[in-house]
Amino acid sequence: MAEPFCCERKNAVKPIVKLFDVFSFVLMLSITITVVLQIIGRMVYPLTWTEEFVKINLMWIVYIALMGSFYRDSHVRIDLMDQLRFVPDKAKRVIYFIFYPLAGLVFSFFIIKYTVQLMQRQYELGQVTSILQWPLYLIVVPFVLGGVATFVLFVYRVVTTLAGWFRAK
């Protein structure tokens, strides 16, 4: 099979993935520091905001790291096609092209669609978090960013895959 997508030499989405990786690292670092503050605070003075802050950051990490996991093919997927020895490699490539990127496009489209609807509803209702009092519609912005970045990644994959197929012919 072809070399993994993330290992291609010329890759236009690599800088975006690096940026999202740095942002994920910063979020993880903030979680670590906040949890340490929470533990110390239990002995000295309880900090009520730390638990909510950590929960928000965990949600952000999931959606910000989404693109990177798809980019590196390190997400959970079904390996059934890898196990079918009687299916020719050419057929596997077509099936991977149909199911993997197109399923990713549909998945990221629905993330964007429903998160934007959620944001609008939360904005209209003026909902805020219980302790930090942050507007809930701002909390889900990384969900949209992760969905858009993942959508762009899969569009790029489809275009580069098709271009590679046409160049090979």
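Which residues is Thr129 in contact with, leaving aside its neighbours within four places in sequence? The partners are Glu52, Ile56, Trp134, Leu136 and Ile139. Please keep in mind that this is a predicted model. The chain holds 7 helices and 0 strands, and 34% of its 169 residues count as buried. Here is a friendly tour, starting with the overall layout and ending back at Thr129.

**Overall layout**

- Reading from the N terminus, the order of elements is α-α-α-α-α-α-α.
- Among contacts with a separation of 6 or more, 74% come from residues 24 or more positions apart.
- About 11,200 Å² of the chain is exposed, and carbon and sulfur atoms supply 71% of that area.

**The largest nonpolar core**

- This core has 28 residues, and the members that touch the most other members are Val13, Trp60, Met67, Phe70 and Leu153.
- At least two core residues come from each of helix 1, helix 2 (50-64), helix 3 (66-71), helix 5 and helix 7 (141-168).
- Helix 7 gives the most to the core, with 7 residues.
- Phe70, one of those well-connected members, has contacts beyond four places in sequence with His75, Tyr100, Phe107, Thr150, Leu153, Phe154 and Arg157.
- Leu153 therefore appears twice in this picture, as a partner of Phe70 and as one of the core residues that touch the most other members, where the core is by definition built from buried residues.

**A nonpolar patch on the surface**

- Val22, Phe23, Phe25, Val26, Leu29, Ile33, Leu37, Trp49 and Ile131 together make a nonpolar surface patch of about 800 Å².
- Phe23, one of the patch residues, lies in helix 1 (residues 14-43).
- Phe23 has a relative accessible area of 34%, so it is classed as partly exposed.

**Salt bridges**

- Side chains of opposite charge can pair when their charged atoms come close.
- The count here comes to 2 salt bridges.
- Asp21 and Arg72 form one of them, with their closest N and O atoms 2.2 Å apart.
- This pair links distant parts of the chain: Asp21 sits in helix 1 and Arg72 in the loop between helix 3 and helix 4 (80-83), 51 residues apart.
- Asp21 is partly exposed because its relative accessibility is 27%, and Arg72 is partly exposed at 36%.
- Lys55 and Glu51 also meet through their side chains in a salt bridge, at 3.5 Å from N to O.
- Because Lys55 and Glu51 are 4 residues apart in helix 2, about one helical turn separates them.
- Both ends of this bridge are partly exposed, with relative accessible areas of 48% for Lys55 and 45% for Glu51.

**Thr115, a buried threonine in helix 5**

- Thr115 is found in helix 5 (residues 89-125).
- Its relative accessible area is 9%, so Thr115 is buried, given that the cut-off for buried is under 20%.
- A polar atom of the Thr115 side chain lies 2.6 Å from the backbone oxygen of Ile111.
- Leaving aside neighbours within four places in sequence, the contacts of Thr115 are Phe110, Val140, Phe143 and Val144.

**Thr129 and Gln133, in the loop between helix 5 and helix 6**

- Thr129 lies in the loop between helix 5 and helix 6, and its relative accessibility of 6% is why it counts as buried.
- The side chain of Thr129 makes a polar contact of 3.2 Å with the side chain of Glu52.
- A polar atom of that Thr129 side chain also lies 3.0 Å from the backbone nitrogen of Gln133.
- Gln133 is placed in the loop between helix 5 and helix 6 (136-139).
- Gln133 has a phi near 60°, which is a positive value in a residue other than glycine.
- Unlike buried Thr129, Gln133 is partly exposed, with a relative accessible area of 48%.
- Coming back to the opening question, Glu52 is among the contacts of Thr129 and is the residue whose side chain makes the 3.2 Å polar contact with the Thr129 side chain.

Conventions. Residues numbered from 1 in each chain as written. Predicted model: local features only at pLDDT ≥ 70, side-chain atom pairs only at ≥ 80, totals over all residues. Heavy atoms only, no water. Buried < 20%, exposed > 50% of the residue type's maximum accessible area, 1.4 Å probe, protein only. Polar contact = N/O pair within 3.5 Å; in protein donor to acceptor, adjacent residues only side chain to side chain. Contact = heavy atoms within 4.5 Å. Areas by Shrake-Rupley, 256 points an atom, 1.4 Å probe, with all protein chains shown as cover. Patch = residues over 30% accessible without salt bridge, like charges linked within 9 Å, V, L, I, M, F, W, Y side chains within 5 Å. Salt bridge = Lys/Arg side-chain N within 4 Å of Asp/Glu carboxyl O. Core = buried A, V, L, I, M, F, W, Y, C linked by side-chain atoms within 4.5 Å.
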